[in-house]
Amino acid sequence: MFGRDSITIYACDCSNEALERANKMIEVGNVGSIAHRFHLFHCDFSTNGFPKWLACDSCQGNFLQKQHDQFPDAEENKDTSLNNSSSLGERKCCTGGVDFVTLIFTLSAVPLHRMPSAIRECFSVLKPGGLLLFRDYGLYDMTMLRFEPDKRVGFREYIRSDGTRSYFFCADTVRDLFIGSGFKEHLSLNIVVSNQQIAELGRVCIEFGFMGNFRNPFDVILQNFVH
């Protein structure tokens, strides 16, 4: 947001407390050029989906059409920017979708059986050629090792004291979830590992996390975002 005035962020959470904290951070920052480009809204997209003002049914249908059509002039279309509203059918009925979706330690809090629908919701509001940026807990992360056995509520799934859930991913699960929802892997998944000495246990624990980029499959070069 600080780098380009054209970037607008839509951030959602199902916790009013979290949204209030985010608002206060923007207010404390006292940066007028950012406040009007930072839009918060209450939403649990894993159960209710995203609001239609983000990407209406008509625009979502247009996205799908572009993904499935075969264009004879594909080479010319490569130079189309994701911000080109005429090429992507951006309309006054909604914002016209988004160029990027970030899921940073978000999906792990969604119950496993709702993850596919949550990812499909992300796919539905992402413009053709857009990217989903993912980072979350990996299997045998230290957070997982700290859970007591009675906190386990499912396969690699645990519940915290505040009632929220934590799921711990392996690379195959991540790929299956996203590719099964229509994405294609843009960059190979990276396993982020950090060693932490635990003195009282006399051993080294390994913290695992996954980072991945998944693309909404459409042959578009993101020229406006590489400079």
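Where in the chain is Tyr140 found? In this predicted model, Tyr140 lies in the loop that runs between S4 and helix H7 (142-146).

## Backbone conformation at Tyr140 and Arg156

Tyr140 has a phi near 70°, a positive value in a residue other than glycine. Most residues other than glycine have a negative phi. At 48% relative accessibility, the side of the scale on which Tyr140 falls is that of partly exposed residues.

A positive phi is also found at Arg156, where the angle is near 60° in a residue other than glycine. Arg156 belongs to the loop between S5 and S6. Its relative accessibility is 17%, and Arg156 therefore counts as buried, the limit being under 20%.

## Nonpolar cores

The largest nonpolar core contains 31 residues. Those with the most contacts inside this core are Phe50, Leu107, Leu132, Phe134, Phe169, Phe178 and Phe183. At least two core residues come from each of helix H3 (57-68), strand S3 (98-104), helix H6 (115-125), strand S4 (126-137) and helix H8 (171-179). The greatest contribution is that of H6, which gives six residues.

A second core, separate from the largest one, has six residues, among them Tyr137, Met144, Phe147 and Tyr158. In soluble globular proteins, nonpolar side chains tend to be buried together.

## Aromatic contacts

The model has 13 aromatic pairs. One of them joins Tyr137 and Phe168 in a tilted arrangement, with 5.5 Å from centre to centre and 45° between the planes. This pair links distant parts of the chain: Tyr137 is in strand S4, Phe168 is in the loop between S7 and H8, and 31 residues separate the two. Both partners are buried, Tyr137 with a relative accessible area of 19% and Phe168 at 0% relative accessibility. Tyr137 is also a member of the second nonpolar core.

One aromatic cluster is formed by Phe123, Phe134, Tyr167, Phe169, Phe178 and Phe183. Of these, Phe134, Phe169, Phe178 and Phe183 are also listed among the residues with the most contacts inside the largest core.

## The three-stranded sheet

An open sheet is built from three strands in the order S5-S6-S7, with antiparallel pairing. Its edges are strand S5 (152-154) and strand S7 (165-167), each of which pairs on one side only. From one strand to the next, the twist averages 35°.

Strand S6 (residues 157-159) pairs with S7 in the antiparallel sense over three bridges. Within this pairing, Glu157 has Tyr167 of S7 as its bridge partner. Tyr167 is also part of the aromatic cluster described above.

## Cysteines

How many disulfides does a search of the whole structure find? The search finds zero. A disulfide is a covalent bond between the sulfur atoms of two cysteines.

Cys43 is in no disulfide, and the nearest cysteine sulfur, that of Cys12, is 4.8 Å away. Cys43 is buried, with 9% relative accessibility. For Cys59, the closest cysteine sulfur is in Cys94; the distance is 3.6 Å, which is too far for a bond because the cut-off is within 2.5 Å. Cys59 is buried as well, at 0% relative accessibility.

## Arg37 and its polar contact

Arg37 is placed in the loop between helix H2 (32-35) and strand S2 (38-42). Is this residue, Arg37, buried or exposed? Arg37 is buried, since its relative accessible area is 4%, below the limit of 20%. The Arg37 side chain reaches the backbone oxygen of Ile7 at a distance of 2.6 Å.

## Ile179 and Arg215

Ile179 is located in helix H8, one of the elements that supply at least two residues of the largest core. Ile179 itself is partly exposed, with a relative accessible area of 45%. Its C-alpha atom and that of Arg215 are separated by 9.6 Å, although the two residues are 36 residues apart along the chain.

Technical notes: Residues numbered from 1 in each chain as written. Predicted model: local features only at pLDDT ≥ 70, side-chain atom pairs only at ≥ 80, totals over all residues. Heavy atoms only, no water. Core = buried A, V, L, I, M, F, W, Y, C linked by side-chain atoms within 4.5 Å. Buried < 20%, exposed > 50% of the residue type's maximum accessible area, 1.4 Å probe, protein only. Helix = DSSP H or I, 4+ residues; strand = E, 2+ residues; numbered from the N terminus. Polar contact = N/O pair within 3.5 Å; in protein donor to acceptor, adjacent residues only side chain to side chain. Pairing = 2+ DSSP bridges. Axes fitted to C-alpha atoms, helices over the stretch in contact; angles between N-to-C directions. Phe/Tyr/Trp six-rings, centres within 6.5 Å; stacked < 30°, edge-to-face > 60°.
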